[in-house]
Amino acid sequence: MRNLILILLLLKPILCAAQLTASGVNAVRLTSYLSAPAIKDPIFVYCNSSGTQAGTLNITLPPGSSSSQFSWYKWSDVTKSFSQNINSSTGVSSSVSNLGEGGYRVVITGGVNATYTGWIVFDRPPSVSASLQQQLCDRLALNGDTAAAMQQFSYRDITSGQVLSLKNEMSFMWSSQPSTYIPAPDLFIDPVILNLENQPNRTYRLPVENTTFSLKANSLGCKSEASFSYVPIHVKADFSADPITGEAPLKVAFTDKSVRADSEYNWDFGEKNKKGEKVTWTVTRDSLWIFENPFVHTYYRPGEYTVRLKVKSKNYCIDSLMLETKIIVEKSSLEIPNVFTPNGDSQNDYFAVEAKSLRYLFIEIYSRSGMLVYRYIAEGESLASWKGWDGRINDTAIEATPGVYYYVIRARGWDDVDYNTKLQKGFVYLYR
């Protein structure tokens, strides 16, 4: 309890203290008197954009205070003191308005005895300009300029009357609508927007739609803004692919999402011809009518493919984009089951090889007596529709009897792997 009482006694001066405030003020800074550096009086900064702005100061006693006498004074450079009485009132609060620049002091007597000092200064809106400095296919430079109308504000040392200065503060911020990348918009007054080297996972930075760039400047008390409309010339390459993995032949749908690519498309699908040269597909502006979106490109050979799109605009601006992930065409493989049950339960009803990326497939199945009961030959994309042997003799309605059958399989993958070894000869068990 003793500690609590001590804390309350220490806080009492703070809790009972009044505070000098200003209505409609834009910023508050503190004095730095040469003769009394420990005293920090408020400097109230107003934005006087019309030239007719006036200040208002307020003082309110803490709750529970008794009625007091408020005497307001203004600083005089003649007497170098607060000698001009401008207002007097009685109560627990007081205000004075229509105040010009200068220092003001309120002396409180009676119920509360205290003195409070504050200064009023007026700022002017800073000058701001924003314009386009340079426009290139891969570069956009903005030009900005800001300047404070009031470089500094003056007040007086309360002991000596010496003129003291408070430096005006300036800050700025670039923005755009719709939003686009601007490097360090509050640091560079003449920012330059550049695209990075074309790489996977890049972020396209240049605006590709009509944009309004704005520059806002803030001084201590005032704000200003300037803007200009920008019509871009840049071109942006963009596309997506689906699917990006699968067995050969893999049909990939490429969806073009490029912006302002109205002159030429150059697709590099990551393939090479027999000479080891890259295979590309170019669609010019005159032949854009044949371009479907999305369009399908078929990969026949297993492997990994890096896809890149380069586009050109009618303004001869060029941009390219490499697909973030590689197109993966799976290697050929062949696995042969040793049993199947063609009983119509939709489970294991066919004798079919588990294969990937096969280009050619030949199957013959014989009974134990050597009779041919099934043959299948297919090449290319028709393999995708093959379900397997359903257990009927030579595709007739006659069902093969349960038992052991002998198969011979020859196959070739799209990667030129031959499956014509002893591993492709063996027995399969038919159960019903």
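**Exercise 1. Work out which acidic residues pair with Arg412, and what network results.**

Solution. Start with Asp418: this residue forms a salt bridge with Arg412, and the closest N and O atoms are 2.5 Å apart. The term salt bridge stands for a side-chain nitrogen of Lys or Arg within 4 Å of a carboxyl oxygen of Asp or Glu. The model is predicted: local features need pLDDT of at least 70, side-chain atom pairs count only at pLDDT 80 or more, and totals for chains, interfaces and linings use all residues. Residues are numbered from 1 along each chain as its sequence is written, and side-chain values use heavy atoms, with hydrogens and water left out.

Next, take Asp416. It also forms a salt bridge with Arg412, with closest N and O atoms 3.6 Å apart.

Now add accessibility. Buried means under 20% relative accessible area, exposed over 50%, and partly exposed in between (1.4 Å probe, protein chains only). Asp418 has 43%, so it is partly exposed. Asp416 is partly exposed at 33%. Arg412 is partly exposed at 30%.

Finally, assemble the network. Salt bridges link Arg301, Arg412, Asp416 and Asp418.

**Exercise 2. Find the salt bridge partner of Lys356 and state what parts the pair ties together.**

Solution. The partner is Glu330, with the closest N and O atoms 3.8 Å apart. Lys356 lies in strand S30 (residues 354–356) and Glu330 in strand S27 (residues 327–330), so the pair ties together parts that are 26 residues apart in sequence. Strands (E, at least two residues) and helices (H or I, at least four) are DSSP runs, numbered from the N terminus. Check the surroundings: Lys356 is partly exposed at 36%, and Glu330 is partly exposed at 27%. A search of the whole structure finds twelve salt bridges.

**Exercise 3. Give the strand order of the open sheet of three strands, then name its edges.**

Solution. The order is S14-S16-S17, with antiparallel pairing. Strand S14 (171–177) and strand S17 (223–230) are the edges, since each pairs on one side only. From one strand to the next, the twist averages 15°. Axes here are lines fitted to C-alpha atoms, for helices over the stretch in contact, and angles run from 0 to 180 degrees between N-to-C directions.

Then look at one pairing. Strand S16 (residues 211–218) runs antiparallel to S17, joined by eight bridges. Two strands pair if DSSP finds at least two bridges between them. In S17, Glu225 is the bridge partner of Lys216.

**Exercise 4. Decide whether Ser68 is buried or exposed, and list its contacts.**

Solution. Locate Ser68 in strand S5 (residues 68–76). Its relative accessibility is 2%, so Ser68 counts as buried. Contact means heavy atoms within 4.5 Å. Leaving out residues up to four places away in sequence, Ser68 touches Leu61, Ser89, Thr90, Gly91, Ile108, Thr109, Gly110, Gly111 and Val112. For scale, Ser68 and Asp345 are 277 residues apart in sequence and 101 Å apart in space, C-alpha to C-alpha.

**Exercise 5. Place Tyr431 in the chain and classify its accessibility.**

Solution. Tyr431 sits in the segment after strand S35 (425–430). With 45% relative accessibility, Tyr431 counts as partly exposed.
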